[in-house]
Amino acid sequence: MRRLSALLLALVVLVGAGACSDYPGDLSGGSGSGGSGAAGKDGLRKVRASDTAGMPSAFLKYGVQRGFFRAQGLDLEVQTSAGGAAVIPALINGGLDVAGSNVVSAVTAMNRGLPLAMVGSGTSTSTDPGQDFSGILVPADSPIRSARDLAGKRIAVNTLRNINEIVIDASTRKVGGSLSSAKLVEMGFPDMGPAVERGDVDAALMIEPFLSAGKAAGMREIARPYTDTRPGLQIGTYLMAMKKAREDPELVTAFQAGVRRTAEEIERDPAAFRAALPKIAGFSPKVASGIHLPSWKGTTDRASIQLIAGSMRRLGLTDKPFDYEKHVLK
C-alpha cells in the first residue's frame, strides 16, 4: 500500500505537470455520482465511466443514447474529465469503473507500476490523411513549407512530453527533418490560433474543431501528424484497474461489446453521429457538420500501442519497454 500511495502521489505530480487530453473539443467539464455493482430494479448494472470532454465522451454518450450499452446489461453513467492521467487515481481508488485516457499517459502510468489494464480502443485517426483530425498550421505567408522546415522553430502544443512530441517527431522524420532543435511551447488549443497570428509561435499542432477554425482564418496546413505517424493511429484507450478487470471479466466483455457496437454504428452512419453532436458534445450544428471526425475501432490496435511505446522510449518519455501482454486485455 505504501508503494501504491507513492506511485499515486507521483501521478498527481505528473497530472500537475500537464498530462494531455485525448480530444478537448468541448471545454466544459462535468461530473456525476453513484455506485456500481449489482443490477438495479431495471436489471441493468450501473457502471461509472469517464472520458475526455468533447469527442471521446460524445462517443460513449452516443452509445448510451442508442442503447448499445443497455443491450449489454449496462447502465453506463458517463462523466467528462480533462482526460490524460487525471482519471487514473479515481480508477485505482474505485471511484470509476472505466475511464478513457490517451495512450501516452496510460503507458507512462503502467511503466511506473500502476496496476492498470487497457480494455478497449478510444479515439483513433482516419486511415485517410485527408480526413486526419490533426494538423500543423502556420501563417499563410510563412516560409515554412513542410515539417522539415520546423527545425529551430517554436511550435505550440497543448501539453509537453506527451503524444504531441511523438507525432511531430514522426512528421519531421518522415520528410528527412529533425525535431531536436525545435522548441515546443505549451498552451491551450483556443490560444493557438491567436498566438500564430501574432507571431508568438511559428506553428501550432491543432486538432478539431480548432483545426478547421484555423484553416478558415487563413492558416496553412503543412503536416498531418497523426496519420504521418501511422494511418489509423490509435490515440485513446479505455482503462480499468487491473484487479477489477481480472475479478470481473463479465464487465470487461460487456463494456467492450458496447464500444464495438458504437464504433460500428458511427462508421456505418457518421451523419447520424454528427447530428447528435450538438446535444451530446455542445458543438454548434455548423461545426459538427464540417469537422474531420476521429474514428473508433472497437478493439485495441497493437501496432499503434507498440509504435507509441517504442517512440516514447526513444524520445526519453519512458525508460523501459511496455509489456503489452500484461496490460492489454483482449
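Two strands are said to pair if DSSP finds at least two bridges between them. With that in mind, good morning, and let me turn to the structure before us, which is a predicted model.

I begin with strands β6 and β9. Strand β6 covers residues 134–138 and strand β9 covers residues 203–207; the two pair in the antiparallel sense, over four bridges. Within this pairing, Leu137 has Ala204 in β9 as its bridge partner.

These two strands belong to an open sheet of five strands, whose order is β8-β7-β9-β6-β10 and whose pairing is mixed. Its edges are β8, residues 183–186, and β10, residues 220–223, each of which pairs on one side only. On average, and with direction ignored, neighbouring strands of this sheet are turned by 35 degrees against each other.

Which helix lies across β6, β7 and β9? It is α6, residues 189–198, and it runs at about 145 degrees to β9.

Two backbone details deserve attention in the loops that follow strands of this sheet. After β9, in the loop between β9 and α7, we find Pro209. The peptide bond joining Glu208 and Pro209 is cis, with omega at about 5 degrees. The other detail concerns Arg161, placed in the loop between β7 and α5. Although Arg161 is not a glycine, its phi is positive, at about 55 degrees.

I now move to the other five-stranded sheet. This sheet is also open and mixed in its pairing, and its strands follow the order β2-β1-β3-β11-β4. Here β2 and β4 are the edge strands, each pairing on one side only; β4 spans residues 116–121. Neighbouring strands in this case are turned by 30 degrees against each other on average, direction ignored.

At the β4 edge, β4 pairs with strand β11, residues 236–241, in the antiparallel sense over five bridges. In that pairing, the bridge partner of Met118 is Leu239 in β11. Helix α2, residues 55–65, lies across β1, β2 and β11 and runs at about 160 degrees to β2.

Let me add a word on charged side chains. Side chains of opposite charge can pair when their charged atoms come close. How many salt bridges does a search of the whole structure find? The search finds 19. One that concerns this sheet joins Glu77 and Lys46, whose closest N and O atoms are 3.6 Å apart. Because Glu77 lies in strand β2, residues 74–81, and Lys46 in strand β1, residues 45–52, the pair ties together parts that are 31 residues apart in sequence.

Finally, I come to the largest pocket. Its volume is about 340 Å³. The lining consists of 15 residues, and those nearest the centre are Ile266, Glu267, Pro294, Ser295 and Trp296. Three elements, α10 (249–268), α11 (270–281) and β12 (295–296), each give two or more residues to this lining. Which of the elements provides the largest share? That is α10, with five residues. By character, the lining residues of the largest pocket divide into six nonpolar, four polar and five charged.

To close, I return to the two sheets. One has the order β8-β7-β9-β6-β10, and the other has the order β2-β1-β3-β11-β4. Helix α6 lies across strands of the former, and helix α2 across strands of the latter. Thank you for your attention.

Conventions:
Residues are numbered from 1 along each chain as its sequence is written. This is a predicted model: local features need pLDDT of at least 70, side-chain atom pairs count only at pLDDT 80 or more; totals for chains, interfaces and linings use all residues. Side-chain values use heavy atoms; hydrogens and water are left out. Axes are lines fitted to C-alpha atoms, for helices over the stretch in contact, and angles run from 0 to 180 degrees between N-to-C directions. Contact means heavy atoms within 4.5 Å. On a 1 Å grid over the protein atoms alone, a cavity is a set of points where a 1.4 Å probe fits but cannot get out, and a pocket is an open set with protein on both sides within 12 Å along at least five of seven lines; lining residues have an atom within 4 Å of a point. Grid points are joined across faces, edges and corners, and a volume is the space filled by probe spheres set on the points. Ala, Val, Leu, Ile, Met, Phe, Trp, Tyr, Cys and Pro count as nonpolar, Asp, Glu, Lys and Arg as charged, and the others, Gly among them, as polar. A salt bridge is a side-chain nitrogen of Lys or Arg within 4 Å of a carboxyl oxygen of Asp or Glu.
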